[in-house]
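Student: I would like to learn how to read a model of this kind, one feature after another. Could we begin with a single backbone feature and work outwards from there?

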Amino acid sequence: MIREYGLIGYPLSHSFSQKYFTEKFHRDGIHDAIFHAFPIPTIDYLPHLIEEHPLLKGFAITIPYKREVMQFLDTKTEAVEKMQACNCVSIRHGKLHGYNTDVYGFEQSFIRYLKPHHTKALILGTGGASSAVAFVLDHLHIDYRYVSRHRDVDRHILGYADISENMLSLYTVIINCTPLGTYPKVDEAPEIPYQLLTEKHYLFDLVYNPPKTKFLSLGEKQGAAVQNGYDMLILQAEENWKLWNEE
């Protein structure tokens, strides 16, 4: 019997997960599994999708449904509850069990270039992925501030115009959790003052396509350490696979 797995999001014009798992199944000789990309235009379609695919054992979640999927979960980990964001669901005995493997993938990838002076971070974006990043930074005892296009004083969210030279001298880690710069819109980048970056800065981009976004390129020109989201995605995908195959 074929086991089905998938990814939900919208749009899904280029799915890392589908390519990765299709190649994994071929490489590892897994002949009874198939991976689908499910570009559903609204999260309300999820129950119908599950009904239409009775052999579905699990699915990953990407933009824009990491928060919206929460309402459909039967169980969730403590981390998912705290973050209010889920990127991995395992279906067992008709129940949806929610996990967040962004946490594992991001932390393992992020710490490789972390230096002792990287004690404060700016998180660009406030979507579901940013919750996992904040969770990891809390765990690593790194102070952080959110930055968004929409400044929100009540929620302590900065606007891009608030990023000053003094702030960047303290906040030497900058993590892009927005889709800006993703192919094909490769000329886009978060509006930060790149000219103020130095070799003390560390820029991490959750985007993996292209491998070096404009955000990373501009940081690298200033001597900053840079890292894209590719390794994070591989680590996260393998963690998803483990969870989907637990009894």
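Tutor: Let us begin at the surface of this predicted model. H93 has a relative accessible area of 82%, which is over 50%, so it is classed as exposed.

Student: What is the sign of phi at H93, and about what value does it have?

Tutor: Phi of H93 is positive, at about 55°, although the residue is not a glycine. As for its setting, H93 belongs to the loop that runs between β5 and β6 (95-99).

Student: Where does Q84 lie, and is this residue buried, partly exposed or exposed?

Tutor: Q84 is found in the loop between α3 (78-83) and β5 (88-92), and its phi, near 55°, is again a positive value in a residue other than glycine. Its relative accessible area is 35%, which falls between the cut-offs of 20% and 50%, so Q84 counts as partly exposed.

Student: Turning from phi to omega, which residue is joined to P64 by a cis peptide bond?

Tutor: The partner is I63, and omega of this cis bond is about 5°; P64 itself sits in the loop between β3 (56-61) and β4 (75-76). A cis peptide bond also leads from Y183 to P184, with omega near 10°, and P184 lies in the loop between β10 and β11.

Student: Since that loop leads us to strands, in what order do the six strands of the open sheet stand?

Tutor: The order is β9-β8-β7-β10-β11-β12, with parallel pairing. β9 (157-159) and β12 (225-227) are the edge strands, and each has a single partner, so one side of each lacks a neighbour in the sheet. From one strand to the next, the twist averages 25°.

Student: How many bridges join β11 to β12, and which residue is the bridge partner of Y202?

Tutor: Three bridges link β11 (residues 202-205) with β12, the two strands running parallel, and Y202 has A225 in β12 as its bridge partner.

Student: Which strands does helix α7 touch as it packs on the sheet?

Tutor: Helix α7 (residues 214-221) touches β7, β10, β11 and β12, and its direction makes about 165° with that of β11.

Student: And which strands does helix α5 lie across?

Tutor: Helix α5 (residues 128-139) lies across β7 (120-124), β8 (143-148) and β10 (173-176), and runs at about 165° to β8.

Terms used
Residues are numbered from 1 along each chain as its sequence is written. This is a predicted model: local features need pLDDT of at least 70, side-chain atom pairs count only at pLDDT 80 or more; totals for chains, interfaces and linings use all residues. Side-chain values use heavy atoms; hydrogens and water are left out. Two strands pair if DSSP finds at least two bridges between them. Helices (H or I, at least four residues) and strands (E, at least two) are DSSP runs, numbered from the N terminus. Axes are lines fitted to C-alpha atoms, for helices over the stretch in contact, and angles run from 0 to 180 degrees between N-to-C directions. Contact means heavy atoms within 4.5 Å. Buried means under 20% relative accessible area, exposed over 50%, partly exposed in between (1.4 Å probe, protein chains only).
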